[in-house]
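Me: Could you go through this model with me, starting with the cysteines and then moving on to confidence and internal space?

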Amino acid sequence: MNRSALLITVLLASFSLASAQSTVRMQGKDLRSAARESLKKGINFFQSLAIEGGYVYHYTLDGKEKWGEGKTDDRTIEVQPPGTPAVGMSMLRAYRATGEPAFLEGAEGAANGLIKGQNELGGWDHKIYFDRPKGNKVSFDDNQTQSAISLLMALDQEIDRPELSQAVEKALKMMVLTQLDNGGWPHKYPIQGNYHDYATFNDHGINDCIRVMIEADTYYEQPTYEQSLEKVARFMLISQLPPPQPGWAQQYNEYLQPAWARSFEPPAVCPSATINNLHSLMDLYAHTGQRVYLEAIPDAIRWLKASQLPNGKWGRFLELGTNKALYYDRGRIRVDSLHQLSLERRTGYGYEVDLTGALKAVETRFLEISKDRKYQQAGISDEQLQEMVAKIISAQDDQGRWIVHNDRFREEIAVTEWNGEYRTADRISSRLFNYNVNILCEYLERTAR
């Protein structure tokens with residue numbers, strides 16, 4: 001994901017502002033009108049890619065080849081962002097920013113695809129196969145089930161459709177049912193008999209569940225959702241590890257101990273999971289007003305600051321007791337440094353990450369929220385936003401497409417070890433579509449004030 005985000009940033013930066021502004025002037029419209037027109041063209045084109053209302057991650061320009069988690073087909077959509085729910089939320093935001101009925105129809109189409117793929121348990125796995133029987137697993141990995149519920153709930157506030165409301169009710173009942181006795185949520189449900197049963201912070205699992213339950217409590221105000229939040233908030237507090245390492249692990253077993261997940265994911269303290277959890281604690285405080293949720297934060301921030309590696313980054317896993325960075329290859333093979341890992345692990349997993357900006361953001365937010373001041377993340381200026389909008393408009397072709405040129409990617413996610421080979425092709429990207437739509441919406445929302 002980080003590589004894709006970087007590619008999008010580089011792509012947008014490559015366009016000339018002068019050319020973009022010239023394009024706007026040649027159209028004879030002001031920037032606001034041009035932004036609305038760009039949204040219409042972009043969303044209209046993207047809807048032409050829909051499969052039962054849903055989407056995957058990437059498409060060749062002719063739409064014949066498709067990728068989600070690996071190569072996919074014409075009867076499959078992705079639930080995991082930046083797939084169907086994320087695209088639907090982008091279209092819903094565009095509707096709210098403009099009032100265009102076609103944008104609401106696009107969001108409703110994405111919701112329809114999700115409703116068709118909702119399984120009997122009330123949730124989703126990472127894909128929906130329209131030519132196969134529905135699966136019987138719920139995945140909380142990578143914001144899969146959670147993002148689907150968020151879209152359905154948000155759309156439920158805009159339109160009155162019994163089948164939509166029923167899907168939301170079914171999903172929220174599942175959320176309450178799957179919450180573990182300790183208050184967390186597992187990686188997957190039902191019980192698998194392995195690490196998937198553990199309370200899992202990895203890939204924002206529990207954090208996204210908290211977001212969903214805050215949204216549910218906000219929209220529907222049922223005691224069950226408030227009780228669920230109280231339960232998970234307690235889990236957040238009791239799962240924080242003791243000093244001198246007052247952070248959190250990626251996953252916990254039934255004894256509330258940091259536990260192994262995959263063979264390269266050891267029990268350890270995890271700085272990135274800790275930062276995510278500090279934001280969730282502040283989200284819980286903002287929603288409930290319970291200051292006890294802030295008490296765990298100062299010690300965790302001090303530990304994070306003290307855990308920076310000599311190269312300025314942070315280890316993904318820090319050893320319990322020693323705080324040393326851990327590096328594991330497949331097969332639980334421990335090595336001494338990042339450079340000793342296999343190519344697949346070295347390039348496909350963030351064993352060392354730069355958390356400088358993330359740590360500063362969490363510290364700034366804590367200082368503001370602890371003083372009961374409304375925190376607003378530092379954003380882009382109006383001038384920067386106008387420049388970005390002009391570039392986005394300029395980058396769009398006559399068909400309404402935003403193209404990632406010379407996209408370099410692993411063609412397949414192979415079961416065997418990756419051999420280091422890439423493919424290069426021009427592609428349509430759901431991530432780039434979502435990014436551009438949300439920037440255009442941000443501009444329209446600001447200029448409407």
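**Cysteines, confidence and cavities**

Reply: The structure holds zero disulfides, a disulfide being a pair of cysteine sulfur atoms within 2.5 Å. This is a predicted model, in which local features need pLDDT of at least 70 and side-chain atom pairs count only at pLDDT 80 or more, while totals for chains, interfaces and linings use all residues. Residues are numbered from 1 along each chain as its sequence is written, and side-chain values use heavy atoms, leaving out hydrogens and water.

Me: Why is C270 not bonded to C209?

Reply: The closest cysteine sulfur to that of C270 is the one in C209, and at 17 Å it is too far for a bond.

Me: And is C270 buried or exposed?

Reply: C270 is buried, at 0% relative accessibility, where buried means under 20% relative accessible area, exposed over 50% and partly exposed in between, with a 1.4 Å probe and protein chains only. C441 is buried as well, with a relative accessible area of 0%.

Me: Switching topic, what is the average pLDDT?

Reply: The average is 92, and 92% of the residues score at least 70, on the predictor's per-residue confidence scale from 0 to 100. Over residues 1-28, however, the pLDDT is below 50.

Me: What about that stretch's contacts in the model?

Reply: Beyond near neighbours in sequence, residues 1-28 have 36 contacts, a contact meaning heavy atoms within 4.5 Å.
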